[in-house]
Amino acid sequence: MRIVVLTKPVPDPAAAEHLGPDGRVDRTGGNVINGNDEYALEAALKLVETHGGEVTVVAMSPETGRDVLRKALAMGATRGVLITDPALAGADWLSTIRVLAAAVREMEFDLLLVGVDTSDGGAGLVPAGLAALLGLPYLSNAATIEPVDAGVRVNRITATGFETLESATPAVIGGTQALGAPRYPTLKGIMGARSKEVAVRTLGDLGLDPATVGGAAAGTRVVDLRRPPERGQAKMVRGPAADVAREVVEFLAARGFI
Amino acid sequence: MPDPSSTFRLTEEQVQLRDAVRTLAREQIAPRAAAIDREGTFPHDIKDLLARQDILGLPFPEAYGGLGADLLTVCLAIEELSRADATTGLILAVHALAATPILLAGTPEQKQQWLPDLAAGRRLIAFALTEAEAGSDPAATRTRATRDQTHYRIDGSKRFISHASVADVVVVFAVTNPDAEKPSRRLSAFLVETSSPGYAVARLEHKMGIRGSPTAELTFDDVRVPAANRLGAEGEGFAIAMRTFERSRPGIAAQAVGIAQGATDEAVRYSRQRVQFGRPIGELQMIQAMLADMAAQTEAARALLYRACAEIEHGPAEDAARWASMCKLVAGDTAMKVATDAVQVLGGYGYIEDFPVERMMRDAKITQLYEGTQQIQRLVIARSLLRASA
Amino acid sequence: MPGGIWVIGQAAAGGGLARLSSEVATLARALGEAGGVPVSGVVVAAEPAALAAELAGFVPRVLAVTEPALAASAGATVVAQRVAALARTNAPNLILTGADPDGRDIAGVLAALLGWPVLANALNATWGPVGPRVEISVFGGKQFSTSEFTAGRGVITVRPNAVQAVAQTPAGSVEAVQIADHLALPGVRVVGRIHEQHGGAAVEDARIVVAGGRGIGGPDGVTLLEHLAEALGGAVGATRAAVDAGWIDYPKQIGQTGKIVKPALYLALGISGAIQHKVGMQTAETIVAVNRDADAPIAEFADLMVVGDLFEVGPAILDELRTRRG
């Protein structure tokens, strides 16, 4: 199986500030693999362990995203592709999927896995939009992925349970946490990653005009940025359970919840 | 080869490996530490995790399936594991310690026979030198190994042997030359499989600390060991043991530095959160002084450890024992002091099980006792200093 | 059919119009009024009449597209293609969907087919100088950004519970539409459906969420959550720790790799409030936490912090609620 996994470097969600003064995501700090992409990557690694094949990880990011690719390689991916170009700073969703599509079209694959959304923007629209641009079937919200004759089967999480989907391959699949906890890179994996290939693709390499993708072509702009209002101090309540319960219920009643 | 006297920095690869172990320790081992201590049994799940992640393969050459890591890198891993849980750090430390005699004195056939399983973590190995009457004084060893054609027959007992109850093979030091002129030529080293008839774990100790690490008393009742299992020549056992300590004492120093760092981390975190007299106690100068000393002393022990690793591997061979003893001496005392201070910073909360510092204090003490007591370390250092020609 | 603002009506899992769509439609109507722009709904379904009629309770006009392919295939891509076809001939400026998984799928395919930008996860929208200005919570609620489309045209996805649905009277008109064109994108077949044992309200839709973390300890704790949720008329949620431990299933997980929720009330039992969970619920209007540890991070952003054993406090709250009602 040939599987491509999009891994987005995102700021570590546990750290503090993330939008720079220009309203763009500040990617200079320590980056981690976007949570849902890690689950997708884990699923891909398990699939090639079972069925044979290779996993290629792709990231569109500044150079600092190379560390994220290296971690994916340490987990067991075969090769990495870093799409990077200064003109991409400030790229909006539409530019992002156009650039990713251009890079992915250079590859041959059976499955393209993407985490359903990201912790640093969270629109959750990249997998769907990418599938549309590539003209491929899109199976979203996957909890399980299984190759079947001439295609792939996915259990998709719905509000009431699951629906089982099937399509031909190549296909785009949106990965969720339900795919299973990602492995820690083994030490051998970490050492081996140093010799794995990371190809670099600039906009020029992809034949794309910076004026049409990238920050210059953004279809949206941020006009204001502010912190949410402080919630204020919590009212602390202690004491015998019955008293505490009364206070809680009065609190809720005063706010119209009961 | 790095210049040992230059300012020391870790290589990029060492940083990556260290950080990987640190993440694993923080996320998978630290949450288990309290339970491991409370249950007082060897954490096989943690051992399996270390094996799976190749951590147990660090000390072994790549030719045998290991990572071929240098001494410093192995110590980095022990330190990071111990920061989360001293018992877990010891799993790697004992494995590395006990395999060292094979690495130092094994024939190519012996290495091929034993090392691959050890590197993969499929088998565990322990180190049995100490006896009830031979602790600081290994020359007083009484366990005998008598040659019987193709085998040796081992009789005797050992005491305080870490992990002997979970190991698959134990390096046993026994007297083969009772009449040797020098006491240091009486011993030989043997690889004994724990499944051998006559090998028994007589008891396990109940200890103050590192309670997840089983400490065994062993009895050898006519245990037959193939002569091919002898490491090195007859009479070479003591020398093998001493050369082993040059590499294993830094491992214990690393455990100690890890404990000290973990204790410091806890004390700092607590000082940020605990409010008394209307403000975090970290704003009080007496607390600040303690935290500062804890951090500086831990850093000093760490710096000496890293330097010692470089010197042991690249410096003059005759100085190796002194470096090993120095780093173990300083780190052990540091761990005990820093862990005790951590309990002090937490006050009453430092004394109860709900917080990890009391365990760290109990764990720290052993680093002043095993792998050679602090007193023995001082003798080694002094001997080295006084030996050098003027 | 003039351009303007469109809202796509989505079907609820159990049939009927999704409550989220009625909220999105309400927002669309408000935007249309503010901007002086006409508002229409679009429904694409195998049998769209009932859905369209419901959506017409919220917008003046609804296009109801009959799409037989939706009887057996996964909907979002099909819906998006039909809406895209309509949009090419009718030229709306804005298309709104819900920001739930179905809505996101529709929005992603639709915007890609049209080549439109998107503003996702809107909490609110007002009319600005060049078009709508959309308020979005980014980085798990650490910051709020207000954004607009540079060319005044795009797709917007709207978060659940961001807007209160308000019906309009009289109901709008429904116009049936059929589109015979071939569907260009490859289909995805639905070959089965599984209903999970613990049903209950979807946590992302609920106005009240009762959530449990590591402190609930196991299935007994889950039962307590269910009783409290029932008593308050809310949904059960969980942190990743509870899901990883196997006590609750993943669709109920709230947090960085689970759902982002914005209920009116979030009752957190045995939840420490670590950042990975906090990002999923910190924009809730009212947060009440019960935890043994007074120093748990959740105390920093809760409105009411109960320091105590949830296995004592929880049942006591149930008793108190029963007393009030009884």
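## A tour of the contact between chains A and C

Across the interface of chain A and chain C, 22 residue pairs are in polar contact, both residues of each pair being at pLDDT 80 or more. The model is a predicted one, and this interface is where the tour begins.

**Stop 1: the helix at the interface.** Select residues 241–254 of chain A. This is helix α7, which gives the most to the side of chain A that touches chain C, with 11 residues. Now widen the selection to that whole side of chain A and colour by class: 45 residues are nonpolar, 23 are polar and 18 are charged.

**Stop 2: both sides together.** Add the partner side. Chain A brings 86 residues to the contact and chain C brings 87. Between them the two chains bury about 7,200 Å², and 60% of that lies on carbon and sulfur atoms.

**Stop 3: a salt bridge.** The rule finds six salt bridges across the interface of chain A and chain C. For one of the residue pairs joined this way, select Asp105(C) and Arg156(A): their side chains meet in a salt bridge at 3.3 Å, N to O.

**Stop 4: the strands that cross the interface.** Select residues 161–167 of chain A, strand β9, along with β10(C). The two strands run antiparallel and are joined by six bridges. Which residue of β10(C) is the bridge partner of Gly161(A)? Label His195(C), which is that partner.

**Stop 5: the whole sheet.** Show strands only. β9(A) and β10(C) belong to an open sheet of 10 strands with mixed pairing, in the order β11(A)-β5(A)-β4(A)-β1(A)-β6(A)-β10(A)-β7(A)-β8(A)-β9(A)-β10(C). At the edges are β11 of chain A (198–201) and β10 of chain C (189–195), each of which pairs on one side only. On average, neighbouring strands in this sheet are turned by 30° against each other, direction ignored.

**Stop 6: inside the sheet.** Select residues 2–6 and 111–115 of chain A. These are strands β1 and β6, which pair in the parallel sense over four bridges. Within the pair, look at Val5(A), which stands opposite Leu113(A) of β6(A).

**Stop 7: the other chains.** Finally, show every chain. Two pairs of chains are in contact, and of these A and C share the most contacts. Chains B and C, by contrast, do not touch; to check this, select their nearest C-alpha atoms, which are 8 Å apart.

Key: Residues numbered from 1 in each chain as written. Chains lettered and ligands numbered in written order. Predicted model: local features only at pLDDT ≥ 70, side-chain atom pairs only at ≥ 80, totals over all residues. Heavy atoms only, no water. Pairing = 2+ DSSP bridges. Axes fitted to C-alpha atoms, helices over the stretch in contact; angles between N-to-C directions. Contact = heavy atoms within 4.5 Å. Buried area = accessible area lost by both parts, 1.4 Å probe. Salt bridge = Lys/Arg side-chain N within 4 Å of Asp/Glu carboxyl O. Polar contact = N/O pair within 3.5 Å; in protein donor to acceptor, adjacent residues only side chain to side chain. Nonpolar A, V, L, I, M, F, W, Y, C, P; charged D, E, K, R; others polar.
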